[in-house]
Amino acid sequence: MSRRMSAPIVRLAAALLPAPLRDWGQAMRAEAESIESSPAAFRFALGCLGCAIREAAAFHAARIAARDTPQFQPEDEVMAMSDGTGLRPRLVGMACAAGAVGLGFVYLAVAGAPLTYFVMNGAALVLGVALVAALGAMPRTGRLVDGVVPLALAFVLLATAFWGIAADGAARWVSIGGIMLQPSLLFVPALAVRFARAPDGPATAAIIIAASALALQPDRAMAGALLAGTGMFVLMRPGRNMGAAFVAALAGFAVALWRTDTSPAMPYVDQIFFSSFAVHPLAGLAVLGGSLLLLVPALVGAWGDPIRRSTYAAFGAVWLAAIAAAALGNYPTPLVGYGGSAIIGYLLGLAALPRRGAARETRDIAARPREERGTPRGDLSFSA
């Protein structure tokens, strides 16, 4: 099993390397294939992943520093963000997701988790990246289709509350092919980002339905995440629809808190912020570092796209709330703990962020006289 897992981990590491270091990726693959011992090959693969994350972070940090040089011009930034050579929140987010899952592997390995947990988390990461890529290849959807999508996701959450798999008084899960999934972790981040991008009628109705579903399940963690996302957006861009969504999210969270939730902590899933340090300080640092990585795309997006800063703030607030819930209660620790739903949900949330051409449009709008700026065009689709 560890031999089979080594190859995809090394390929992921090679894909994360910046373009000037792609030769390192070929060397990593060749070296991994030459290692005869399966445990040694697996440890080498994890080391490659850590190296790739470190080098990618250093490479992008150097790009950020270059923006402060006297030679850098604003039009260079526009070209960098529109031609794919600069920092893009979705691309950064996928790298952060891979980094968080990789650091989660460190924790799982030190804690002695079953090898199937590595396989499930790795498969969820690959599937999530594939979904982001597939959505990115799709054309923009029309308003009718785009309005149906958030409503459909919200009704899935509501159906889970009534007909989902129940345990210890909570109905939060569904089984697909024998694999347990938590729809709230899958869809709430995308719903919150979709609402923040365009708080129209369908998105507002979807938030109200989702808040009701989370109260019925009950799911305090994701009800709190939905409240944090809508609350952050309302704070930055108040309005009628925003207020209705916020009130619904607040009511849903209050009901979820009021209802009894006796779900016990699951090994390698819940309460690992504290248990990981008891296992080994390295495992604890891996869990903490991987969790902080989840917030990086929000910071990158807010810095590079100021007109849509509220959208990225909502994304960051959702995941900050999910991390806080995992630290305070028996709720899944996203990406660094065992569980594929949070991994796929994080990547679907990235897919709901503005298209990569939005940064250039933002700067075009900002460059106009104030009276000519108007409102940015609605970029309503879930595609990348």
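Accessible areas here come from the Shrake-Rupley method with a 1.4 Å probe. On that basis, the protein exposes about 17,000 Å², and 67% of this area is supplied by carbon and sulfur atoms. The structure is a predicted model, and its confidence should be considered before its details. The average pLDDT of the protein is 82, with 80% of the residues scoring at least 70. Residues 72-86 form a stretch where the pLDDT is below 50; in the model this stretch has 20 contacts beyond near neighbours in sequence. Residues 357-384 also stay under 50 in pLDDT, and for them the model has 67 contacts beyond four places in sequence.

The overall composition comes next. The protein contains 18 helices and three strands. Of its 384 residues, 50% are buried. Among contacts between residues at least 6 apart in sequence, 77% join residues that are at least 24 apart.

The interior can be approached through its largest nonpolar core, which has 95 residues. Within this core, the residues that touch the most other members are Leu 226, Phe 315, Trp 319, Leu 335 and Tyr 346. Helix 8, spanning residues 183-197, gives the most to the core, contributing 10 residues. The surroundings of Tyr 346 illustrate how distant parts of the sequence meet. Leaving aside residues up to four places away in sequence, Tyr 346 touches Phe 315, Trp 319 and Leu 335, each of which is also named among the core residues touching the most other members. The other contacts of Tyr 346 are with Gly 93, Cys 96, Ala 97, Leu 293, Leu 294 and Pro 297.

The three strands form an open sheet in the order 1-2-3, with antiparallel pairing. Its edges are strand 1 (165-167) and strand 3 (179-181), each of which pairs on one side only. From one strand to the next, the twist averages 45°.

Following the chain through the sheet, one meets two hairpins in turn. Strand 1 and strand 2 (residues 170-176) run antiparallel and are joined by three bridges. Ile 165 has Trp 173 as its bridge partner in strand 2, while Ala 167 is partnered there by Ala 170. Two residues lie between the strands of this hairpin, in which Asp 168 takes a positive phi near 55°. Strand 2 is likewise joined to strand 3 by three bridges, and this pair runs antiparallel. Here the bridge partner of Ile 176 in strand 3 is Ile 179. The hairpin of strand 2 and strand 3 has two residues between the strands, and Gly 177 in its turn has a positive phi of about 60°.

A final position to examine is Leu 12, which lies in helix 1 (residues 2-16). Is this residue buried, partly exposed or exposed? Leu 12 has a relative accessible area of 26% and is therefore partly exposed, since buried means under 20% and exposed means over 50%. Leu 12 touches Leu 49, Ala 98 and Leu 125, when residues up to four places away in sequence are not counted. Gly 122 is 110 residues from Leu 12 along the chain, and the C-alpha atoms of the two are separated by 9.9 Å.

Technical notes. Residues numbered from 1 in each chain as written. Predicted model: local features only at pLDDT ≥ 70, side-chain atom pairs only at ≥ 80, totals over all residues. Heavy atoms only, no water. Pairing = 2+ DSSP bridges. Helix = DSSP H or I, 4+ residues; strand = E, 2+ residues; numbered from the N terminus. Axes fitted to C-alpha atoms, helices over the stretch in contact; angles between N-to-C directions. Buried < 20%, exposed > 50% of the residue type's maximum accessible area, 1.4 Å probe, protein only. Contact = heavy atoms within 4.5 Å. Core = buried A, V, L, I, M, F, W, Y, C linked by side-chain atoms within 4.5 Å. pLDDT = per-residue confidence, 0-100.
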